[in-house]
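Please open the model in your viewer and keep the selection tool at hand. The tour goes from element to element, and each stop says what to select and what is there.

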Amino acid sequence: MALKLFLFALLLCLPTSISSSAPKDKEHKLKFNPYRYKFIDKASTFSASSSSSFSSSGKDSTYDYIVIGGGTAGCPLAATLSRNFSVLVLERGGVPFTNANVSFLRNFHIGLADTSASSASQAFVSTDGVYNARARVLGGGSCINAGFYSRADAAFVKRAGWDPKLVNESYPWVEREIVHQPKLTLWQKALRDSLLEVGVRPFNGFTYDHVSGTKVGGTIFDRFGRRHTAAELLAYANPQKLRVLIYATVQKIVFDTSGTRPRVTGVIFKDEKGNQHQALLSNRKGSEVILSSGAIGSPQMLMLSGIGPKRELKRLKIPLVLENEHVGKGMADNPMNTILVPSKQPIEQSLIQTVGITKMGVYVEASTGFGQSPESIHTHYGVMSDKNELFSTIPTKQRRQAYISRNKYQLQESFNGSFILEKLAYPISRGHLSLLNTNVDDNPKVTFNYFKHPVDLQRCVEAIRLVSKVVTSKRFLNYTQCDKQNVHKMLSLSVKANINLRPKQVNDTKSMAQFCKDTVVTIWHYHGGCIVGKVVSPDRKVLGVTRLRVIDGSTFDESPGTNPQATVMMMGRYMGVKILRERLGNKAGV
């Protein structure tokens, strides 16, 4: 069996276009392409010369579209636009295809743990004291998340003002390429039956749809545990019209301000060697720069380019292009709290497969069997942290210093079991994002204000009560063969885990509200910062300027479905088709 898996993994790494009649001559041997697609290359290849600040060869002329960020939305968007127009994608990270921490389910926690400069995950800590992460890799958040795939509900689509017919055509476009039906593990079955036992009904079976009750959703992990990311949607692209540059860090968007409205002309980006280049937009009508850098990166880039709160830009001496006080506002993150359920026996690894969608706007899920491996670890944070007192011998103070200094420690695993978690949908609490400096490589300052609104806190209390019923239900205990534990003891275990930097009330586990505050973590579903109607129009055009759009989760004022990745990928395809039809009508061919 191990040999079969090895051979399968080897085949996955081979070029997709091998011919059975390939020459055997050494000079004609096929070379392994770590980037998978011929249109992907390093940013330094953009220019023939790096002797000047901005250089361009005949190869690098102008583009109809420049997409900043080859992430969850950027990849399907670029693939779609390339069917008819020239597209340049500038991605600050590398490729996921040869990164084992990205590619395999078993390394999910290791990928988040790696805080090195080359990691696919860039860590940050919100001012709320909650550890978080943003993607830094082609494929974006689909490369570092838990892989769960579930569509948005019809009400979300209606509120977004989207065409339901095109939405229902765009989801399958994604699903055909990268989405799979999971094989349920024992614990996921236990969660399914326990949710039904405590009243989260009906059972809706396996479905991508967002419907109340208990269901099994899709996953971007295949049956071999290999992840399939948004980067693989580039397979739909026209290779003659698409160019993807990795390790291309955009410094700012360039504007012509001589007219009545600022007009985008291109972008300035830095390659992996530190050299700067300027990519130019075509003068053709309809050409645009499209920001797809996510809820952290997109508002940050707008401000670095001169669009944002006037006082904020003046403080950092950024030339004002357009004042908009709403850039970076309305930031929200769906708070998550967990109950740790220890087990006496080794547990099979599983990420999110089963979900309970309650009518009170709470989602219940589970992750199991993730201990820790000493391989390629730098530091970690969050719900499966190896750097907390529950999982290792490293104390909190030293752990925080390790996170900051990126030192490497030998780990001592001391936990085996399951994380039963609840995510709060539609939080009312809102925060904001602001710049700390003008270095795009540095994280901005982010505040989410978890549970600032009392309604959010009350809903969390109700959710923890529901989860408590789940972990003490008969069917859950029968499946897991765990001893029935006192709920307050399990809550205490979670509080002592120190999975965030917030002050704790360790002896006050009887207060569910205090438990919510003490143990809040992220599920990486943050959104906002470039909200529709305030920063962008319904068609995602940036208000007050021309030839600039934002197409990603920063435009949302709520997170769609149980997990937003399905809808973000769908939106990339959807908006690409809309743009092509606007420009070409029936000639678009999509």
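Contact here means heavy atoms within 4.5 Å. With that cut-off in mind, and remembering that this is a predicted model, begin by selecting helix H2, residues 74-81, which is mostly covered, with eight of its eight residues buried. The buried residues are Gly74, Cys75, Pro76, Leu77, Ala78, Ala79, Thr80 and Leu81. To see what covers them, add strand E3 (65-68), strand E4 (87-91) and helix H6 (164-178) to the selection, and then strand E11 (242-246), strand E15 (288-291) and helix H15 (565-584), since the cover includes each of these elements.

Now zoom out to the whole chain, which has 15 helices and 26 strands. Buried residues make up 60% of its 590 residues, and, among contacts with a separation of 6 or more, 72% are accounted for by residues 24 or more positions apart.

Next, select strands E5 (residues 121-125) and E6, which run antiparallel and are joined by five bridges. One place to look is alanine 123, whose bridge partner in E6 is alanine 133. Between the two strands of this hairpin lie five residues, and glycine 129 takes a positive phi near 85 degrees in the hairpin. Then keep E6 (residues 131-135) alone in the selection: four of its five residues are buried, so the strand is largely enclosed by the rest of the structure.

Move on to helix H7, residues 186-197, and place a distance label between its end C-alpha atoms, which are 16 Å apart; this agrees with the span of 16 Å that its 12 residues should have at 1.5 Å a residue. The helix is mostly covered, with nine of its 12 residues buried, and the buried set consists of Trp187, Gln188, Ala190, Leu191, Arg192, Asp193, Ser194, Leu195 and Leu196. Following the chain beyond H7 brings you to glycine 199, whose phi is positive, near 105 degrees.

For the last stop, turn to the largest pocket, which has a volume of about 590 Å³. Which residues should be selected to find the centre of the largest pocket? Of the 23 residues that line it, Leu105, Asp222, Arg223, Phe224 and Gly225 are the closest to its centre. If you then colour the whole lining by residue class, the residues divide into 11 nonpolar, seven polar and five charged.

Terms used
Residues numbered from 1 in each chain as written. Predicted model: local features only at pLDDT ≥ 70, side-chain atom pairs only at ≥ 80, totals over all residues. Heavy atoms only, no water. 1 Å grid on protein atoms, 1.4 Å probe; cavity = no way out; pocket = protein on both sides within 12 Å on 5 of 7 lines; lining within 4 Å. Points joined across faces, edges and corners; volume = space filled by probe spheres on them. Nonpolar A, V, L, I, M, F, W, Y, C, P; charged D, E, K, R; others polar. Buried < 20%, exposed > 50% of the residue type's maximum accessible area, 1.4 Å probe, protein only. Pairing = 2+ DSSP bridges. Expected span 1.5 Å × (residues − 1).
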